Every structure is written in structure tokens, then in C-alpha cells.
Amino acid sequence: MRELADSDEAAVGRWLRVPAFPILQESAAHELWDQSTVVHLSTAAVTHARRGGALAGLPRALAYRAGAHRLNGEFDVAAQLLDEATSIASATMARSPVRYHELMLAAWRGDAAHAEGAIAALTADAASRGEGRLQSLGSYAAAVLHNGGGRYAEAFAAAADCCAFENLGFHGVCLYELVEAATRTGALDAARDAVTHLQAGAGTTDWGRGVLAAAEAMVADDASAADLFAEAVERLRDCEAGVHLARTRLQYGEWLRRANRRTDARRELTAAHEMFTGMGARGFAERARRELVATGEKVRASKAGGSASALTAQEAQIAGLVAEGMTNAEIGAALFISAHTVEWHLRKVFAKLGITSRRQLRTMPIGR
């Protein structure tokens, strides 16, 4: 895979015309827990596609790169790349895996309204075509969404469904979701079994070994858990998998609070809360906030009715047009941007204002 990324533009251009590229490469790198290769190859794919004018392959390369940004917690960058991929694919009629990356992004963001609808649509579509891998991807997304929202029974069911099939590229990360959901629902045998499977495939990279250490910590006794969590944090600190680093610090903080080590718990939970808030991972951020409050820390929850002054000029313009009753398509036509871009900005508006619907937006002073 490294050889492909380092090859000349003509060679990469030929790969970009293959429909399975870069899905197979991405899946193989994830199976090896090799995030550095994912970053390297996805960056090279985008660079070569742009330079070579490979418009048919560029949407796939952009989606691939967006996935790497998502894994590192750079959700806004990922969303921008997916928007660009959608625009190019629409103009060129090129095939693109954008919808799958958008689904995972919504799950990590804790955007239940978007993610649950997309999961249901993907599952139904995949079932009608007999595509089990895509059904499993929907289950993985559901596990992430529900673990973030503290809906552990639902997360357990989704993760167990996904892990029943050893899908190349996301079986390992779904085992991690299963461990957390299982320990939270008291299904300790299932959690230990998932850890055993994870041990067999965690590889040798810091990402894989860090995720494994975090999973082992969740099923370990008190004498071993702290060291395992500390190892996980150290391994994940510099391996461009920010979502798993933040998850581990949250889990470590939760464990420390239960062990009545409140000062140490606040340190980990504060770090996790700040990381998730910066990413825009609302579900996990709220989990961290609740845990911090339980330690006696005062942390303000996100509330509806946030200030419109927090909006950028374009966000305020779009919010004003929505408040006037315009659809995303109408706004896109008026501003010469895609409806998908309008939706992306609108999600940011909702998050900043602490609201969830267009109806709520119409009641707010946006300065229109």
C-alpha cells in the first residue's frame, strides 16, 4: 500500500479508475490497525487525483481522506471533503461511497435524527440487494451512536449483530464497541469473549495495541485496570486516532470516578469533554459532562437558545433564509452552493444554537 501511495501519478491514476479503489486498501489498512498508512495513502490519492484531473476517481479519494479525518476527530474537515466529493460526483455521475462516510460521521457526532434515518435506509437497501457487509456497517454505526448516547442495550444489540460477521476493515473496531456495551449491560462473558477476539487481531501498531489495552481495562480487575487504561492513553496519544484516544480518556475517567479517585477522574474527564466538544461529538461530550458533574465539577450543558452571535456570516445567512421558510435546495440555488453544503452548515447552526429543528430556528433572532 505504501508503494502505491509513493508511485507516480500515472500509476495512481490507473488505480483511481478501479471501482474498488480505495475501499480495499482502506479496509486492509484498518484490519492491520495501520492508521499512518491510511493517512499517507488517502492523502496521496487525493493529491494525485487533483493533479492528474482524475475526476471520476476524486470523489472516492476524497471520501477515503474524509474517513481518516473522522477517525482523528476532525469532523468539520471530513464534512467539507464529503461535500466536495458529493458535488463532483453529482457533476460527473461518478460512483462514490460518500453516503457511508456521512453515516459514520453522523454516528460519531451523535446526530441521532440523521444517523438513525440513514442507518434504516442503508439496512433496508443492503438487505434488498443481499449486501451483508453494508448491513453490518449500519450496525457498527448504530453501536457507535448508541454508546455515545448511553443507550447501551441498543449498542450491545447492534455491535453483536455486526461482530457476528468478520467484515474486513471494521470488525476490530466493532469488537471494541461490543466490549463497552457489554460491560455496561452486565454481559461480562460477551465482553471477555470480544476481548479474546480482539487480542487475536490487534496487530502491533499503537492504534491496535491502544484499543486492545482499553478493551482489556474494561474487563480487568481493579488491580490491573488503571495500568491498562494508562497504557492505552499513552499508545493512542500520537497515532492519529483521536476518537479512540478521547473514548479511552472518558472510560478511564469513568472508572476512576467509580473508584472514588475524584481528582484523577476530573483530569481524564475534563480532557475527554474538551476533546469531544472540540470534535463536535455531542453524545460522547454529554457523557463526559454528566460524569464530571458526578465528581462535583460544575460544567454547563448545551442548551437551546444559544447566541446567534456564535454563527459565522454564512451560517447566519443560511439560518435567516431557513427561518424565512426556504428549502435547502432553494437556499443552495440562491447562494450558488449545493443543497448538501446547506445541510452541512445547518447542522453546525443547530449545534451552536442548541436546537434541533427548523421550526425552533424560526423563533430565534438571527438578525435577518
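Is H146 buried or exposed? H146 is buried, with a relative accessible area of 9%. The model is predicted. This briefing starts from that histidine, then turns to ring pairs, nonpolar cores, cysteines and a cavity.

**Around H146**
- H146 sits in helix α9, which spans residues 132–148.
- Leaving aside residues up to four places away in sequence, H146 touches E116, R151, Y152, E154 and A155.
- W108 is 38 residues from H146 in sequence. In space, the two are 9.7 Å apart, C-alpha to C-alpha.

**Aromatic pairs**
- The count of aromatic pairs comes to seven.
- One of them joins W108 and F284. Their ring centres are 5.7 Å apart, the planes meet at 35°, and the pair is tilted.
- W108 belongs to helix α7 (residues 98–109) and F284 to helix α17 (residues 282–294), so this pair ties together parts that are 176 residues apart in sequence.
- Both W108 and F284 are buried.
- F229 and W255 make another pair, with ring centres 6.4 Å apart. Their planes stand at 50°, so this pair is tilted.
- F229 lies in helix α14 (residues 222–236), whereas W255 lies in helix α15 (residues 242–258). The pair therefore ties together parts that are 26 residues apart in sequence.
- F229 has 2% relative accessibility and counts as buried. W255, at 10%, also counts as buried, because the cut-off for buried is under 20%.
- Ring pairs also link W108, F276 and F284 into a cluster.

**Nonpolar cores**
- The largest nonpolar core holds 88 residues.
- W108, Y140, W207 and F276 have the most contacts inside this core.
- What does F276 touch, not counting residues up to four places away in sequence? Its partners are V243, A246, R247, L250, A281, F284 and A285.
- F284 thus appears twice around F276: it is among the residues F276 touches, and it belongs to the ring cluster with F276 and W108.
- A second core is separate and has 15 residues. Among them are L311, L346, I355 and L361.

**Cysteines**
- How many disulfides does a search of the whole structure find? The search finds zero.
- C174 is in no disulfide. The nearest cysteine sulfur to that of C174 belongs to C162, 3.1 Å away. A disulfide needs sulfur atoms within 2.5 Å, so the C174 and C162 sulfurs do not qualify.
- C174 counts as buried, at 0% relative accessibility.
- C239 counts as buried too, at 13% relative accessibility.

**Cavity**
- The count is one cavity of 30 Å³ or more.
- The largest cavity contains about 40 Å³ of space.
- Which residues line the largest cavity? The lining is made by A79, L82, E102, L105, H340, W344 and R347.
- Helices α6 (75–92), α7 and α20 (339–353) each give two or more residues to this lining.
- The largest share, three residues, comes from α20.
- Helix α7 thus has a part in two topics: it contributes to the cavity lining, and it carries W108 of the tilted pair with F284.

Terms used
Residues are numbered from 1 along each chain as its sequence is written. This is a predicted model: local features need pLDDT of at least 70, side-chain atom pairs count only at pLDDT 80 or more; totals for chains, interfaces and linings use all residues. Side-chain values use heavy atoms; hydrogens and water are left out. Rings of Phe, Tyr and Trp (its six-membered ring) pair if their centres lie within 6.5 Å; planes under 30 degrees apart count as stacked, over 60 as edge-to-face and the rest as tilted. Helices (H or I, at least four residues) and strands (E, at least two) are DSSP runs, numbered from the N terminus. Buried means under 20% relative accessible area, exposed over 50%, partly exposed in between (1.4 Å probe, protein chains only). A nonpolar core is a set of buried Ala, Val, Leu, Ile, Met, Phe, Trp, Tyr and Cys residues joined through side-chain atoms within 4.5 Å. Contact means heavy atoms within 4.5 Å. On a 1 Å grid over the protein atoms alone, a cavity is a set of points where a 1.4 Å probe fits but cannot get out, and a pocket is an open set with protein on both sides within 12 Å along at least five of seven lines; lining residues have an atom within 4 Å of a point. Grid points are joined across faces, edges and corners, and a volume is the space filled by probe spheres set on the points.
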